[in-house]
Every structure is written in C-alpha cells, then in structure tokens.
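User: Could you take me through one helix of this model and the charged pairs around it, giving the cut-off behind each term?

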Amino acid sequence: MKRALGQEHPHTLSSIRTLVSTYAYQGEWKKAEELNMHIIGIMERILGQEHPHTLIKKAGELDSRVAEAMKRVLGQEHPHTLTNMGDLAATYRYQGLLKKAEELDVQVVEAMKGVLGHEHPSTLKSITDLVLTWKPQSRNDEALALIEQCLQAQKQKIGADNPQTVFSLKTLNEWKLENLTLD
C-alpha cells in the first residue's frame, strides 16, 4: 500500500490501523503503540491537531492505555477497570470498529454481572452500551429483547425518571421507529 498509494493515503493508514490491532491482540503493545503514534503524527500533519478524526484516534489510544494500566493496577474485574473498558468500547463504536467494541462490551457486561450483579445500575448501563453496539450491526431481535429487559430492570432499580432509564427508553423507541413496517 505504501508503494502503490503512498504512506499518507487513507487506505494505507487503514491498513496500518489493522496492523496496530493485530499487534495489540498479540500483546505486542510496544509495536502497536509505535505504529499508532506514527498514524497520529500523520493525521496531525495532514488534518491538524484538532480535527475530529485526529482527536478520535488520540482518544482511542489514550483509552486503551488507561484500560491496560487499570487492569494491571486494579485487576481485570474491578468496577473502575470495567467502566474504563466500557469507555474504550464506546470509542471503538464511535470509530466504527464494531467487532472490537462488541467484544469489549460483552466482556464488560459479563464481568459486571459477576462482580456487581445482574440489576446493578452499572451492569444495566453496560447492557445499554452493548445494545448501542448491536444497533448499527442490525442485530434487531437480540438488541430489542435485551434493551426491553434492561429498561424494566432500570425502572425497578433506579426509577423511571433516572437519566439512564430515560436514555434506554429513548434508545428503545428510536429502534422501534426505525424498524416499523407498514403492513
């Protein structure tokens, strides 16, 4: 890609991002970080330091570093670690990396259930986050069932007027409107 398109072409950068992910999955954090910093440098030079794409890339790198540090310091299943992993999944979702976001969201939901219980507000929020990751993947049946269960638990646990409950209700209603069919 570098030879054919040049090292700053969007397709080349996309390929390098894939390599960064591969290194990260293999635990090659130093290599992943070096390549990622290379990409950020190119984006800053081409797009500017405050361009949304540059900032999103920086946020993903920072979230990833924080998540790894929290795992080492607090442990894999500490609520603060899990919350940060959820933040990283949200960054991946925003970047369009839906499979990575889903993997992380599922880990967070399962760990939250084990650590805090099925109906803890943090667990319920992590379930809503998973639904948000499923939405652009058109996993309608699974997501609708999950958000409806989550919404009922939120109403009982934290109340119908709680902002988290209202957000889940909004998510559910938007989903139903988007998938409304006229027979």
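The questions and answers below deal with a helix and then with salt bridges.

Analyst: This is a predicted model, in which local features need pLDDT of at least 70 and side-chain atom pairs count only at pLDDT 80 or more, while totals for chains, interfaces and linings use all residues. Residues are numbered from 1 along each chain as its sequence is written, and side-chain values use heavy atoms, with hydrogens and water left out.

User: How far apart are the end C-alpha atoms of helix 9?

Analyst: Helices are DSSP runs of H or I with at least four residues, numbered from the N terminus, and the expected span is 1.5 Å times one less than the number of residues. For the 16 residues of helix 9 (residues 163–178) that span should be 22 Å, and this agrees with the distance between the end C-alpha atoms, which is 22 Å.

User: Which residues of helix 9 are buried?

Analyst: Buried means under 20% relative accessible area, exposed over 50% and partly exposed in between, with a 1.4 Å probe and protein chains only. The face turned away from the buried side of helix 9 carries the exposed residues P163, L177 and E178. The buried residues of helix 9 are T165, S168, T171, L172 and W175.

User: Which residues does T171 touch, leaving aside those up to four places away in sequence?

Analyst: T171 lies in helix 9 and counts as buried because its relative accessibility is 3%. What covers the buried residues of this helix includes helix 7 (121–134) and helix 8 (140–157). With contact taken as heavy atoms within 4.5 Å, and residues up to four places away in sequence not counted, T171 touches V131 and L132.

User: Which residue forms a salt bridge with K176?

Analyst: A salt bridge is a side-chain nitrogen of Lys or Arg within 4 Å of a carboxyl oxygen of Asp or Glu. K176 counts as partly exposed because its relative accessibility is 41%. The closest N and O atoms of the pair are 3.5 Å apart, and the partner of K176 is E148.

User: Is D105, which meets R93 in a salt bridge, buried or exposed?

Analyst: The side chains of D105 and R93 meet at 3.4 Å, N to O. The pair links distant parts of the chain, with D105 in helix 6 (residues 98–116) and R93 in helix 5 (residues 79–95). R93 is buried, with a relative accessible area of 18%. At 2% relative accessibility, D105 counts as buried.

Key
Helices (H or I, at least four residues) and strands (E, at least two) are DSSP runs, numbered from the N terminus.
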